[in-house]
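Notebook open, coffee poured. I want to go through this chain and jot down what I look up as I go.

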Amino acid sequence: MNQETPVQAVLTCSQCGRTLAQSELVQIAGNWVCADCKPAFLSRVMAVGAAGTSPLAWRYGGFWIRFSARFIDGLIFTVPAFVLAALLIPNFMRAGRQSNAVSGLNPAFAAFGFIGFILIFFLAGGFYEVLMLKYRSATLGKMACGLKVIRSDGNTLGWGTCLGRFFMWNVVTSGIPYVNSVLMLVSSIMLGVDSEKRALHDRVCDTRVIYKQA
């Protein structure tokens, strides 16, 4: 007499994506979670509530809302930069002429001042974006638009991810002349067609831009 072996249902862990037997998974807040992912998932449930832990509950920020957030962040830095330039550059040029009274403005002196100004502006932008993403999960522009940046598993960003995201967008995607026009176009198309609204830097750094939970 043959005995049939009972067939166990096979399910996928909502966090790591592994396929396991149902007996090796536990259902938490409507999500099947394996034993390895259970502690981290439970901590997120207690921290932000069940509705905020599942990717199914996330609303992803699209192209225009993210463009608006970048525009606001740009204004925050561009306006003070223009004011500082209007105040400092005339004095800087005057100092350059005084340092080389015979031949007029020293080109090397002027170039050094211009490069120094751009470098300080870039570093200030880096500190602003990295610190805001690390401690608030959003820049001021994203906060104004009701957005925040998280990892694909729902966790907040670490220092490495914050730095990588800033580098990918400000240096690789938009900072290289000529190449930036192609990469920004590609990144915009990726954001528009992807179901999770991931741009190029989101894919590289494994981040998602979502609307804050009400």
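How many disulfides does a search of the whole structure find? I get 0 disulfides from that search, taking a disulfide as a pair of cysteine sulfur atoms within 2.5 Å.

Before going on, a note on the ground rules. I am working on a predicted model, where local features need pLDDT of at least 70 and side-chain atom pairs count only at pLDDT 80 or more, while totals for chains, interfaces and linings use all residues. Residues are numbered from 1 along each chain as its sequence is written, and side-chain values use heavy atoms, with hydrogens and water left out.

**Cysteines**

I checked Cys13 next: it is in no disulfide, and the nearest cysteine sulfur, that of Cys16, sits 3.6 Å away. Cys13 counts as buried because its relative accessibility is 2%. For the record, buried means under 20% relative accessible area, exposed means over 50%, and partly exposed is in between (1.4 Å probe, protein chains only).

Cys162 is in no disulfide either, with the sulfur of Cys205 as its nearest cysteine sulfur at 9.4 Å. Cys162 has a relative accessible area of 0%, so I log it as buried.

That led me to Cys205, which I find in helix H7. Its relative accessibility is 12%, so Cys205 counts as buried. Leaving out residues up to four places away in sequence, Cys205 touches Arg151, Thr161, Gly164, Arg165 and Met168; contact here means heavy atoms within 4.5 Å. I also looked up the C-alpha separation of Cys205 and Met168: 8.5 Å, for residues 37 apart along the chain.

**Overall layout**

I count 7 helices and 6 strands in the protein chain. These are DSSP runs numbered from the N terminus (helices: H or I, at least four residues; strands: E, at least two). Read from the N terminus, the order is β-β-β-β-α-α-α-α-β-α-α-α-β.

Of the 214 residues in the chain, 30% are buried. Among contacts between residues at least 6 apart in sequence, 54% join residues at least 24 apart. The chain exposes about 13200 Å², and carbon and sulfur atoms supply 67% of that; areas come from the Shrake-Rupley method with a 1.4 Å probe, and for residues only the protein chains shown count as cover.

**Salt bridges**

My search of the whole structure turned up 10 salt bridges, each being a side-chain nitrogen of Lys or Arg within 4 Å of a carboxyl oxygen of Asp or Glu.

I looked at Glu129 with Arg70, whose side chains meet in a salt bridge at 3.7 Å, N to O. Glu129 lies in helix H3 (residues 107-136) and Arg70 in helix H2, so the pair ties together parts that are 59 residues apart in sequence. Glu129 counts as buried because its relative accessibility is 7%, whereas Arg70, at 22%, is partly exposed.

Which residue does Glu196 pair with at 2.7 Å? The partner is Arg208, with 2.7 Å between the closest N and O atoms of that salt bridge. The pair links distant parts of the chain, 12 residues apart: Glu196 is in the loop between helix H6 (179-193) and helix H7 (200-205), and Arg208 is in strand E6 (residues 207-211). Arg208 is buried at 8%, while Glu196 is partly exposed at 23%.

Glu196 also meets Arg198 in a salt bridge, 3.8 Å from N to O. I then traced a network of salt bridges linking Arg151, Asp194, Glu196, Arg198, Arg203, Asp206 and Arg208.

**Nonpolar cores**

A nonpolar core is a set of buried Ala, Val, Leu, Ile, Met, Phe, Trp, Tyr and Cys residues joined through side-chain atoms within 4.5 Å. The largest one has 10 residues: Ala69, Val130, Leu133, Cys145, Leu147, Val149, Leu157, Cys162, Phe166 and Val209. H3, strand E5 (147-151) and helix H5 (159-173) are the elements giving two or more residues to this core. Apart from it I found another core of 8 residues, among them Leu20, Ile28, Cys34 and Phe41.

I pulled the contacts of Val209, ignoring neighbours within four places in sequence; they include Tyr60, Leu147, Val149 and Arg165.

**Surface patch**

Last lookup: a nonpolar surface patch with about 1000 Å² of accessible area together, whose members include Phe63, Trp64, Phe67 and Leu84. Patch residues have over 30% relative accessible area and no salt bridge; like charges are joined within 9 Å, nonpolar side chains (Val, Leu, Ile, Met, Phe, Trp, Tyr) within 5 Å. Leu84 is in helix H2 (residues 63-99), and its relative accessibility is 43%, so I put Leu84 down as partly exposed.
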